[in-house]
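Trainee: I would like to learn how to read a sheet in a model. Can we start with one pair of residues and work outward?

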Amino acid sequence: MGSARPLPPPDPSPCWTGAWVSPDGQTELWLLAAVLRTVGALPRLHPWRLGDEQGRSRVVQWAGRPEPGPGRPGTFAVLTAAARDPNLPTGDQPDPDDVLAAVAGWAVGAARVAVGNAVADPRRAPRWAGAVARLPGCWLPPLAVLPRADRGVDDPGTRWDTESADFAARHTVHAADTRYAAGVLAPHVMALVLDVVPDRAAVTLAGDALHVWWPYPLASAAPTSGLPRVTDAVAGAAALADALPTFLATDHPDRSSVVEEELAGRARAAAEYRRTRRPGTSTDPVLQAMYARARAAYGLGDVAGS
């Protein structure tokens, strides 16, 4: 593989200070899927989700990694935007054809991750900056650690009381399983969240990804000098990923290789069936008798080789 290409930052904001290099194409596609999964961890009524199930849709406008990179591989900076597709349906039951079209559009967006080649209009679509860390070997249920300052009223049943008063004062925790949330947010992980996650930023986990992110001003909005440094967010996401309890990989393993092997086995079986099948014959004796009677009725004789 060739060396990574130098990548200019998405805009002149000081928050992008540093040298950046571009990820490869496969990583860009993984980043798009990781962003969609982790944004989906938001509670349904959270304002960052924009009100309905389709509010989780994002396009990746820019993606890169610091050069020289942090000690942990697989951590990247991202600038994302809401996918403002006028054909996207609202509600919880989208039309399958619309979903397929949207997925195709997201794939095109991932293939175009580059400065000046954004799919969404940065002047209109809400944008978010942050960092995504890969969690190899895991496939975690959704979990969101959100800034309490941006929640008007907590959703019923989603608040989780921790033993840290400082953590509870700054963050709310949202997950379907309280025991899972408590396992992820061990005391040393909560301490890291307090130390490395910027104020008013979210930490969301889902599948094999951890995402630290916050709202980013529109291109025509006020100056961005007060935003967190994205290189710090990359280092913080890497530290959080390394600090997650090791039992998570045991309790929630990544079974994608097993699924892929099952699908490959089905494909091999289908190919073997197509190779060996003969019209008018069957291994089922009842069907074979029916075939034989039908051929005899029309005077076709036996199938050659049967």
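Mentor: Start with leucine 143, which stands opposite leucine 205 in β8. Keep in mind that this is a predicted model.

Trainee: Which strands does that pair belong to, and in what sense do they run?

Mentor: Look for bridges between strands. Here β6, residues 140-147, pairs with β8 over four bridges, in the antiparallel sense.

Trainee: What is the bridge partner of leucine 205 in β9?

Mentor: Leucine 210. Threonine 204 also has a partner in β9, namely histidine 211.

Trainee: How many bridges join β8 to β9?

Mentor: Five. Strand β8 covers residues 202-207, β9 covers residues 209-216, and the two run antiparallel.

Trainee: What connects β8 to β9?

Mentor: A hairpin, passing through one residue.

Trainee: Is β8 buried or exposed?

Mentor: Count its residues. Buried here means under 20% relative accessible area. Six of the six residues of β8 are buried, so the rest of the structure largely encloses this strand.

Trainee: Now the whole sheet. In what order do the strands lie?

Mentor: Read across, strand by strand. The order is β1-β2-β3-β4-β5-β9-β8-β6-β7. These nine strands form an open sheet with antiparallel pairing.

Trainee: Which strands stand at the edges?

Mentor: β1 (6-7) and β7 (171-175). Each has a single partner strand, so one side of each lacks a neighbour in the sheet.

Trainee: What packs on the sheet?

Mentor: Check which strands a helix touches, then its direction. Helix α1, residues 25-39, packs on the sheet and touches β3 (58-66), β4 (75-82), β5 (127-134), β8 and β9. Its direction makes about 120° with that of β3.

Trainee: And which strands does α6 lie across?

Mentor: Helix α6, residues 230-243, lies across β2 (20-21), β3, β4, β5, β8 and β9. It runs at about 150° to β9.

Trainee: Let us step back to the chain. How many helices and strands does it have?

Mentor: Nine helices and nine strands. Of its 306 residues, 42% count as buried.

Trainee: What about contacts between residues far along the sequence?

Mentor: Take contacts between residues at least 6 apart in sequence. Of these, 74% join residues at least 24 apart.

Trainee: And how much surface does the chain expose?

Mentor: About 16,300 Å², with carbon and sulfur atoms supplying 56% of it.

How values were computed:
Residues numbered from 1 in each chain as written. Predicted model: local features only at pLDDT ≥ 70, side-chain atom pairs only at ≥ 80, totals over all residues. Heavy atoms only, no water. Pairing = 2+ DSSP bridges. Contact = heavy atoms within 4.5 Å. Axes fitted to C-alpha atoms, helices over the stretch in contact; angles between N-to-C directions. Buried < 20%, exposed > 50% of the residue type's maximum accessible area, 1.4 Å probe, protein only. Areas by Shrake-Rupley, 256 points an atom, 1.4 Å probe, with all protein chains shown as cover.
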